[in-house]
Amino acid sequence: MSESSTPTPEPGGSLAAGLDVDDARTAADKEATRKAEQEALEVERAKAGEASALTRLLGTGMGRNLGLVIALVILCVVGAATAGERFVSTGNVQTILSLAATIGVVSIGMTFVITGGGIDLSVGAILALSSVWCTTLATQDLARDGHWVAMVAVALLVGAACGLVNGLLIAYGGIVPFIMTLAMLASARGLAEIISNRKTQIVDVPGFREFFNREILGLSFSVWLFVLVAIAGWVLLNRTTFGRRTLAVGGNPEAARLAGINVKRHTVMLYVLVGVCCGIAALMLVARTTTGSSTHGTLYELDAIAAVVIGGTLLAGGRGTIVGTVIGVLIFTTLTNVFTLNNRSISEQSLLKGAIIVAAVLLQQRLASRNSTTT
Amino acid sequence: MTPQNTAPSAAPGEVLLQMSGIVKEFPGVRALGGVDLDVRAGEVHCLLGQNGAGKSTLIKVLAAAYQPDEGTITWNGQEVSFGSPLQAINAGVATIYQELDLVPDLSVAENVFLGHEMSRGGFSQRARANKVTRELLTRLGHPEISPSRAVGDLSPANQQIVSMARALSHDTKLLILDEPSAVLDQEGVKNLFRVIRGLTAEGVAIVYISHRLEEIREIGDRITVLKDGSTVATGLAVADTPTSRLIELMTGRAIEYVFPPRPEFDPARNDVVLEVRDLALEGVFSGVDMTVHAGEIVGLTGLVGAGRSEILETLYGARRASNGTVTVDGKPLRRGSVTNAVKAGVGLCPEERKSQGLLLDQAVYTNITISSMNRFARLGFLDRGEERARAEQLTTSLDVRPTGVVRAVGTLSGGNQQKVVLARWLLRECRVLLLDEPTRGVDVGARTEIYQLIRTLADSGVAVVVVSSEVEEVLGLSDRVLVVREGRVVHESAATEIDESQVLDLVMEGSAA
């Protein structure tokens, strides 16, 4: 809390002198108002004080992330205890990270959309369409004749275009995000099936696979790409006007609009952003599996939304955390890995995942009502 | 101790409720430190106090939403302790909070009987519920409201009547009204008073909370004044207590000049900043012309629903005008584009501060810098230190309390929130400032500051347009006044050339038909 007691110089130019409204009120009266306000504030604080120190800590951003890290560590301990060598081996850690990278990049984009008050159910389908479009014979021919960057360009453009369609119809067409992206989910995957004729498309562009799969400091390029996207996402959300606008648009779109923010344009940009993230994720998946397929990314929307929500981003918008999302993704990926290593069924995983999501949201709501400032 | 009020009732003037020595502590703070209140059957007992004086806490204790830590409550001669709001309701205490808790999609009758539906064998008895509702509405003087209409279609004033009908559907002996006139216009307030008089005549006691002293003067019998969580005066007879004494009790001082002095204003010497020509919004208002000079405050007044707020919102671009032009410093604004208006130097402090003005969960400083963000950004990257420093300067000079720009703006009181919205436009250095009900929900002390601030802004060359339901405020603050009735400007003159009753005449004319 800053308590700078420096006398105020010019606020807003020439207004300084007159802004001193002291003369209109006596000192005693000020004192009274101050007391009254302090009291109101203290009541507020006191209410918050009823929560235990732990929930208070969990209420702060730092504390929430700490809680998530602890959950992740416990999960790793369980993994090491039950699967031993197989869990802690370098190979396994690399597997976890490269799986996390794909879904992670999608989740970073999703964090922005959800923070901005929207939702995108079509991420998996957009990913599939991007993967198919960038691996068609035509694209691959182009890549072989020219440069493999052509595939990258196609994937990113397809993702951005799908996001643009989502965004325009949501912002200017007035379609509810849930319905619009549900429609995109169906259409994009349908288009992917038409283009690929429901066949898996093998990639044999030499430069592309080498580039994405080469290892730097023991980790594949895809993992580093995820790290890069996460850092860029954090900076974008927390340090730029774009991020500030995202929080404003998600927190109270009407207030944001009346403050002069172009809410519609910003909404479009958010969906384009998540589309581009899907394009990047598609490239990572294509490189890892060396295929493009209309079945890629199935149910990614659920994993991404789940990771974002357990990470601490408010589903209602207005508050988002990239760090939380990254840890959320790692938790889910590690969980899957531990289950797989212990030969437990996919069904059991799904059951537990569902329970975790419910628990996380319950916890979030409790914290939100405790820290509520909007009584 | 016999009351002057001799309304015919079962037991007029008998003490219905006696609260003594009520203490309510939240960990670390004493919200109520020994409050006494006695309410008699058939009286209107007014509760006065600044924001944070403890009025809300007291009525929550009374409604059993909070349990008191100390003190006794005597109800109908018996010492009681209501364990839950439901017990209080069953005993006959009904509360109508500021935010009405009605379900907009349900019918009037369904809302009235929400929670205690009339049914037999699990089937609802719609006809009987409608009949009883109609009786209740008639008792409240509003037989024209249909019990089967959806509540969401009713005006705010009528919704309040439905809320009261719900209170009366229980056997209510004490009705608590928290700022009931905040959502009402002149006509609505008259109605409300008629209803209140009817209820007190039947022996119902009313606890009435309001910031508007003139209302209390009109409807109240006795007054209790709270300050800093305790009773500073109780049982004052409204008729014998001058306003200055009440303000003194509330604030510990007497106010002399509520409105800042008006400087001599000569339009010829100042440039025209805002020019509105033939502005119209389909079905709401039309043919609005307005010229505002630098340094001038123009007041817009009229009934709620006359189109005042809509005029502001339309010229700000928040609604798309169907006709007309708005120019700022000679440059025309694009229709229906807030972004364009803000770029041209127009700022709006909207009517609903909480839902339209502020990002309540976010820090004070981001709420201030939101409209001038680009000034703090290089290539899109924000300099947050600079943002905070500028916000700190502004909040200090506007005396926003408590201090500290990183706290969530939602934790501030109404007056201080309004200062934050004003600080936003101060920072923006706008040319035109539009203020919609700038002092709604703001206590007496902070009002004076806000009036002073608005005048100071005008003196610095800003063109100001103020919309207010309070005629006194418009007349006291503005240089020029426009009266709006049914979507048309029916009068324009210097503020000094017209008085309150003339404005009311203009405003009401034809509206009774």
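1. A residue counts as buried here if 20 or more other C-beta atoms lie within 10 Å of its own. With that cut-off, 47% of the 375 residues of chain A are buried. Please keep in mind throughout that this is a predicted model. The secondary structure of chain A consists of 18 helices and 4 strands. Among its contacts with a separation of 6 or more, 79% are between residues 24 or more positions apart.

2. Chain B is worth taking domain by domain. Its assignment gives domain 1 (19–91 + 213–256), domain 2 (269–345 + 430–513) and domain 3 (356–429). The centres of domain 2 and domain 3 of chain B, taken over C-alpha atoms, are 25 Å apart. Where these two domains of chain B touch, domain 2 supplies 11 residues and domain 3 supplies 10 residues. On the domain 2 side, helix α15 (residues 444–459) of chain B makes the largest contribution, with 4 residues. By character, that side of domain 2 of chain B has 8 nonpolar, 1 polar and 2 charged residues.

3. Next, the cores. The largest nonpolar core holds 93 residues, and Val432(B), Ile454(B) and Val464(B) have the most contacts inside it. Because domain 2 (269–345 + 430–513) and domain 3 (356–429) of chain B both contribute residues, this core lies between them. Val464(B) is a good residue to click on: leaving aside residues up to four places away in sequence, it touches Ile297(B), Leu433(B), Leu435(B), Ile454(B), Leu457(B) and Ala458(B). There is also a second, separate core of 84 residues, which includes Val158(A), Tyr271(A), Ala282(A) and Leu285(A).

4. Chain B has an open sheet of 6 strands with mixed pairing, in the order β18-β21-β22-β15-β23-β24. At its edges are β18 (346–349) and β24 (488–494) of chain B, each of which pairs on one side only. On average, neighbouring strands in this sheet are turned by 15° against each other, direction ignored. Inside the sheet, β15 (residues 297–302) and β22 (residues 463–467) of chain B pair in the parallel sense over 4 bridges. One bridge to look up is that of Leu300(B), whose partner in β22(B) is Val467(B).

5. An open sheet of 4 strands, with antiparallel pairing, runs β14-β13-β16-β17 in chain B. Here β14 (285–293) and β17 (331–332) of chain B are the edge strands, each pairing on one side only. Strand β16 (residues 323–328) of chain B runs antiparallel to β17(B), and 2 bridges join them. Thr327(B) has Pro332(B) as its bridge partner in β17(B). Helix α9 (residues 308–316) of chain B packs on this sheet and touches β13 (272–281), β14 and β16 of chain B. The direction of α9 makes about 110° with that of β13(B).

6. A last local point: is Leu184(B) buried or exposed? Neither label fits: Leu184(B) is partly exposed, because 18 other C-beta atoms lie within 10 Å, whereas a buried residue needs 20 or more and an exposed one has 12 or fewer. Leu184(B) sits in the loop between β9 (174–178) and α6 (186–201) of chain B. Not counting residues up to four places away in sequence, Leu184(B) touches Ala157(B), Val189(B) and Leu192(B). Its C-alpha atom is 9.6 Å from that of Asn158(B), 26 residues apart along the chain.

Terms used. Residues numbered from 1 in each chain as written. Chains lettered and ligands numbered in written order. Predicted model: local features only at pLDDT ≥ 70, side-chain atom pairs only at ≥ 80, totals over all residues. Core = buried A, V, L, I, M, F, W, Y, C linked by C-beta atoms within 7 Å. Domains from an automatic or database assignment. Contact = placed C-beta atoms within 7 Å. Pairing = 2+ DSSP bridges. Axes fitted to C-alpha atoms, helices over the stretch in contact; angles between N-to-C directions. Nonpolar A, V, L, I, M, F, W, Y, C, P; charged D, E, K, R; others polar.
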